[in-house]
Amino acid sequence: MHTVAIIPARGGSKGLKNKNIYPVAGKPLLAWTILQAHSSKRIDRVFVSTDNPEIAAVARAYGAEVIERPQELSGDKASSESAVLHAVGVIEADYALSISTIVFLQATSPLRKSGDIDRAVELFERDGADSLISVTRADDLTIWESREGRWSSLNFDYHNRGMRQDRPAQFIENGSIYIFTPETLKTFNNRIGARLSAYEMEFWQTWEIDTIEEIDLIEFYLYKKNLADLKNP
């Protein structure tokens with residue numbers, strides 16, 4: 001039984017053209033996640049699911065195996081789950097691998113410290129979970145919602161704010177690491193199943209790249225936190 005990393009990286013992107021291979025800290029964005037997966041002691045194989053030849057070339061250059069994603073699973077409305085389900089089918093059939101655990105990594109969330117992936121897998125196994133998400137604490141964030149011109153507070157009572165430290169712990173799903181079993185994905189058609197665990201990361205690891213304005217922020221943390229020295233395997 002194998003633990004495999006699956007990294008979805010389609011070609012289309014409305015916010016930032018060619019986002020998945022856009023240069024970030026001297027490497028294509030996708031490369032950071034591939035290298036982090038390769039540095040994990042718990043991942044056996046690294047796959048990139050893509051519909052784009054340029055992305056496929058970058059993936060292979062950094063040591064990932066490429067799964068060609070069909071066009072019907074590559075549009076804006078296609079879910080990440082549909083791409084991962086397709087990838088699992090290809091891995092099981094064409095690569096003859098039995099998968100025990102899927103580590104689903106998003107290329108747009110590259111701020112992973114050395115050991116994050118391994119610690120998340122260990123927590124997943126220790127908790128006997130069927131799914132895991134990575135999170136960051138959001139206790140300092142007061143979130144409001146506007147509907148039809150009316151504002152309401154979502155994660156606190158503005159009538160009685162109280163002390164921050166007295167509020168229940170609250171977390172953001174940061175999109176960096178998801179772990180689940182093939183059975184969970186096939187049963188629920190979702191990355192989250194019935195027995196969820198959560199791996200907590202630092203708040204600066206919340207940031208991801210959706211627009212060009214976020215490139216500088218991600219580069220700052222890659223260098224500031226000494227994450228930018230990963231080499232090809």
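Is Glu-145 buried, partly exposed or exposed? I start with that residue because, at a relative accessible area of 25%, Glu-145 falls in the partly exposed class, and its side chain meets that of Arg-147 in a salt bridge, with 3.3 Å from N to O. Arg-147, by contrast, counts as exposed, since its relative accessibility is 59% and the class of exposed residues begins over 50%. Please keep in mind throughout that what you see above is a predicted model.

Let me stay with the salt bridges for a moment, of which the structure holds eight. Another of them is formed by Lys-19 and Asp-210, whose closest N and O atoms are 3.6 Å apart. This pair links distant parts of the chain, with Lys-19 in the loop between β1 and β2, Asp-210 in the loop between β11 and α6, and 191 residues separating them. Lys-19 has a relative accessible area of 14% and is therefore buried, as that word is used for values under 20%, while Asp-210, at 32%, is partly exposed.

A further salt bridge joins Lys-186 to Glu-92, and here the closest N and O atoms are 3.4 Å apart. Because Lys-186 belongs to helix α5 and Glu-92 to helix α3, the pair ties together parts that lie 94 residues apart in sequence. Lys-186 is partly exposed at 49%, and Glu-92 is also partly exposed, at 32%.

Now to the pockets, where we meet Lys-19 again. The largest pocket encloses about 360 Å³ of space, and 18 residues line it, with Pro-8, Arg-10, Lys-19, Ser-80 and Gln-106 lying nearest its centre. Its lining is made up of five nonpolar, eight polar and five charged residues.

The second largest pocket has a volume of about 210 Å³, and of the 15 residues that line it, Ser-39, Lys-113, Ser-114, Gly-115 and Leu-230 are the closest to its centre. Helices α1 and α4 each supply at least two residues of this lining, the largest share, three residues, coming from α4. As for α1, that helix is mostly covered, with nine of its 11 residues buried, among them Trp-32, Ile-34 and Gln-36.

Finally, let us look at the surface, where Leu-141, Ile-143, Leu-154, Phe-203, Trp-207 and Leu-217 make a nonpolar patch of about 490 Å². One member of the patch, Phe-203, sits in the loop between β11 and α6, and with a relative accessible area of 37% it is partly exposed.

Definitions and conventions:
Residues are numbered from 1 along each chain as its sequence is written. This is a predicted model: local features need pLDDT of at least 70, side-chain atom pairs count only at pLDDT 80 or more; totals for chains, interfaces and linings use all residues. Side-chain values use heavy atoms; hydrogens and water are left out. On a 1 Å grid over the protein atoms alone, a cavity is a set of points where a 1.4 Å probe fits but cannot get out, and a pocket is an open set with protein on both sides within 12 Å along at least five of seven lines; lining residues have an atom within 4 Å of a point. Grid points are joined across faces, edges and corners, and a volume is the space filled by probe spheres set on the points. Ala, Val, Leu, Ile, Met, Phe, Trp, Tyr, Cys and Pro count as nonpolar, Asp, Glu, Lys and Arg as charged, and the others, Gly among them, as polar. Helices (H or I, at least four residues) and strands (E, at least two) are DSSP runs, numbered from the N terminus. Patches are made of residues with over 30% relative accessible area and no salt bridge: like charges are joined within 9 Å, nonpolar side chains (Val, Leu, Ile, Met, Phe, Trp, Tyr) within 5 Å. Accessible areas come from the Shrake-Rupley method with a 1.4 Å probe; for residues, only the protein chains shown count as cover. A salt bridge is a side-chain nitrogen of Lys or Arg within 4 Å of a carboxyl oxygen of Asp or Glu. Buried means under 20% relative accessible area, exposed over 50%, partly exposed in between (1.4 Å probe, protein chains only).
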